[in-house]
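Trainee: I should like to learn how to read strands, burial, salt bridges and backbone angles in a model. May we take these features in turn?

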Amino acid sequence: MAESSISLFVEKLGALVSQQASLFGAVEGQVRQLRNELEWIRQFLEYADAERRYDKMFKLWVNQIRDAAFDAEDVIDEFVFKLERKRQQRLNNLKFLNFLPVCVGLPDRLPFVNELNERISAINITLEKILINKRRYGMEDLRAFEAGSSSNTTATSYEPWRYSDTTHDQMAVAWKEKRERAPHTVVESNIVGMKNDVEALKRKLLEGDQVKRGVVAIVGMGGLGKTTLAKKIYDDSDVQRHFDGGRAWVSVSQEFSIRELLLGIAHCVFTTLTEKQKHELGNHELGQEVYKSLQGKRYLIVLDDVWNTDVWGGLSKYLPSESNKRSRVLITTRNEQIAVDARSDCYKLQLLDEAKSWELFLNKVGSAAATWAELEKFKEGIIAKCKGLPLAIVVLGGLLSLKDLTLDSWRKVLKSMDWHLSQGPHSCLGILALSYNDLPSYLKPCFLYCGVFPEDSEIKASKLIRMWIAEGFVQKRGKETLEEIAEDYLSELIQRSMIQVADTRADGRVKSCRIHDLLRDLAISEGKEEKLFEVDENIDVINGLPTSVRRLIINTHHQITSSPHLQNSNLRSLILNTLPTREEGEVVLFQKWPKLIRVLHVDVMHSKLDIFFCFFFIF
């Protein structure tokens, strides 16, 4: 995905050169040379084989290229920043002449231009040395790259970035054509192979022997469809009628607090508490209010994705256990011990057999592929590789639904799958990695960016689209608006089963979405590898501060005031999934921002505060 990072900078650099050529003065030739070189490198990386990206020497070379591109971005941004700051200073000094245009003259600009010339020249030399090392150490060159090496081009020669929009348009047309023959439903309501599981669990909830509050647990490995199954039951009309005292769905995940879980339940069961009271009450008082709201009623509480035995221990005392009410708590978990500790009626979800696996695959791959005469040739291999894991089947089906119906096209995917599976023992992770690597370059950063949101969170589509645009991930395409293009990106990721639909609008468009835990893990891992973003608590600081971090994610409130990475001058985006507060409730504000930050997002769970800023320049 390094080509995506380089593409963003090349596009930005091209816009600056074309719109503000006079800004760079005599350095314009060096800047154009840098842009040309990076564009050829981007083309090379885009067409390099996915397998090469796991080669240690190739990864080292790519990292060096990416670092050089980041250095160049820093140099350009700092240059523009200094000029704008100088302009602001002149504006302040000449307030009494505010009717005159304020500009930075050549004498004032000359020191900045000279510094820019030196630094850009040094970066161009560094890039040339990196390319020389590629040949020196025997790394195989792609013919397309060698044929178009920019070492023989000048600032006025062929400019390949001018064709990037055309390529993007062509890919968009191809994607829309393939989407027409793919399944049209966007809601992940498919429970192929789970009909017996649904009926069995409904009986446990509706007809169980337990007359007091009972606990039912769905247990199974990641990717089996525990959440999908629980959601199907939760939304079932018979279940809704039976539990007329209230239903609540709470996503727990690995990072949890009892308070947040109680607030989630309180939000669903319509307590009489005001928003102010919910935040002022202590945990015990809040739990007592939840208890009163549920007392004397037949309720259903779903605790989805429980990882810790302390969850049930902390919540159970606030969930009434009265005779003759037959209330139920439904837990989904990967850990059977959690089901045991909750004294639950445990339901173990099994892998799909061959027949159900194939039925699910046909359902996902679309009617055109399902009726393809050559499909039977691939059946055995697909079933063997997915090993009955629904997530793997759905993701692979989504990938193949967008491929041409030719033997060569499908064989290439399955051959690539064999290589990915050989990289580790977990077949599902191999298939997920394959599907990620198959994404077109413009979709990769969009998918990885979904990893910045908290685990199991429901993501508003409108917010995700705005953030993609603010980060520069959405490429211009004809006369379409950026919002329309971004919505197309989201639809394609859903079609490929990389993102799941959580809710839809009245017109059928996506209202909110979520990402599966395993895919989120992949996004975070690849995001770190590709230097797209870093999660604060995962940063290794043994060898000093990681000054190359461009986007920082903070998930816990104490890290906001203690994290040393906020002083990183290279920081461009800051994603806060929490906000620090003092005991009296006063919000702690930041006193100093990194000077080049462009995007700030603050999302506070269980509050009305959802702040999103996009700063294209901050001075």
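Mentor: The discussion below takes up the strands, then burial, then charges and backbone angles. Please note at the outset that this is a predicted model.

Trainee: How should I read the pairing of strands, and which strands does strand 1 pair with?

Mentor: Strands of a sheet pair through backbone hydrogen bonds, either parallel or antiparallel. Here strand 1 runs parallel to strand 4 (residues 328-333), and six bridges join the two. Within that pairing, V215 stands opposite V329. Strand 1 also pairs with strand 5 (residues 345-348) in the parallel sense, over four bridges. In this second pairing, V216 faces D345.

Trainee: Which strands pair with strand 3?

Mentor: Strand 2 (residues 247-253) runs parallel to strand 3, with six bridges between them. A248 of this pair stands opposite I301 in strand 3. Strand 3 also pairs with strand 4 in the parallel sense, over five bridges. The bridge partner of L300 in strand 4 is R328.

Trainee: What is the order of the strands in the open sheet that holds strands 6, 7 and 8?

Mentor: The three strands of that open sheet follow the order 6-8-7, and their pairing is antiparallel. Strand 6 (459-460) and strand 7 (500-504) are the edge strands, each pairing on one side only. Four bridges join strand 7 to strand 8 (residues 510-514). Among the facing residues, Q500 has R514 in strand 8 as its bridge partner.

Trainee: Let us turn to burial. Is strand 1 buried or exposed?

Mentor: A residue is called buried when its relative accessible area is under 20%. All six of the six residues of strand 1 (residues 214-219) are buried, so the strand is largely enclosed by the rest of the structure. Both of its faces are covered: G214, V216 and I218 are buried on one side, and V215, A217 and V219 on the other. Strand 3 (residues 300-306) is likewise largely enclosed, because seven of its seven residues are buried.

Trainee: Why is helix 19 described as largely enclosed?

Mentor: An α-helix has 3.6 residues a turn, so residues three or four places apart point the same way. Eleven of the eleven residues of helix 19 (residues 390-400) are buried, and the helix is therefore largely enclosed by the rest of the structure. The buried residues include P390, I393, L396 and L400.

Trainee: How many salt bridges does the structure hold, and which residue forms one with E73?

Mentor: A salt bridge requires a side-chain nitrogen of Lys or Arg within 4 Å of a carboxyl oxygen of Asp or Glu. The structure holds 29 of them. In one, E73 is joined to R550, with the closest N and O atoms 2.7 Å apart. This pair links distant parts of the chain: E73 lies in helix 4 (residues 56-93) and R550 in the loop between strand 9 and strand 10 (551-554), 477 residues apart. E73 is buried because its relative accessible area is 9%, and R550 counts as buried at 4%.

Trainee: Which residues make the salt bridge that links helix 5 and helix 4?

Mentor: R119 and E78 form a salt bridge, their closest N and O atoms being 3.1 Å apart. R119 lies in helix 5 and E78 in helix 4, 41 residues apart. R119 is partly exposed, at a relative accessible area of 31%, whereas E78 is buried at 15%.

Trainee: Where do D488 and R477 lie, and which residues are joined into one network?

Mentor: D488 forms a salt bridge with R477, the closest N and O atoms being 2.9 Å apart. D488 is in helix 24 (residues 482-495), and R477 is in the loop between helix 23 and helix 24. Salt bridges that share partners join E73, D74, D77, R550, R572 and R598 into one network. Both D488 and R477 are buried.

Trainee: Which residues form the positive surface patch?

Mentor: The patch is formed by K460, R466, R505 and K511. R466 lies in helix 23 (residues 461-471) and counts as partly exposed, at 41% relative accessibility.

Trainee: Finally, what is the phi of K387, and where does K387 lie?

Mentor: The phi of K387 is near 55°, a positive value in a residue other than glycine. K387 lies in the loop between helix 18 (376-386) and helix 19, and is exposed, with a relative accessible area of 53%. K531 also has a positive phi, near 60°. K531 is found in the loop between helix 25 (517-529) and strand 9 (534-535), and is partly exposed at 24%.

Technical notes:
Residues are numbered from 1 along each chain as its sequence is written. This is a predicted model: local features need pLDDT of at least 70, side-chain atom pairs count only at pLDDT 80 or more; totals for chains, interfaces and linings use all residues. Side-chain values use heavy atoms; hydrogens and water are left out. Two strands pair if DSSP finds at least two bridges between them. Patches are made of residues with over 30% relative accessible area and no salt bridge: like charges are joined within 9 Å, nonpolar side chains (Val, Leu, Ile, Met, Phe, Trp, Tyr) within 5 Å. Accessible areas come from the Shrake-Rupley method with a 1.4 Å probe; for residues, only the protein chains shown count as cover. Lys and Arg count as positive and Asp and Glu as negative; His and the chain ends are not counted. The place of a charge is taken as NZ of Lys, CZ of Arg, CG of Asp or CD of Glu. Buried means under 20% relative accessible area, exposed over 50%, partly exposed in between (1.4 Å probe, protein chains only).
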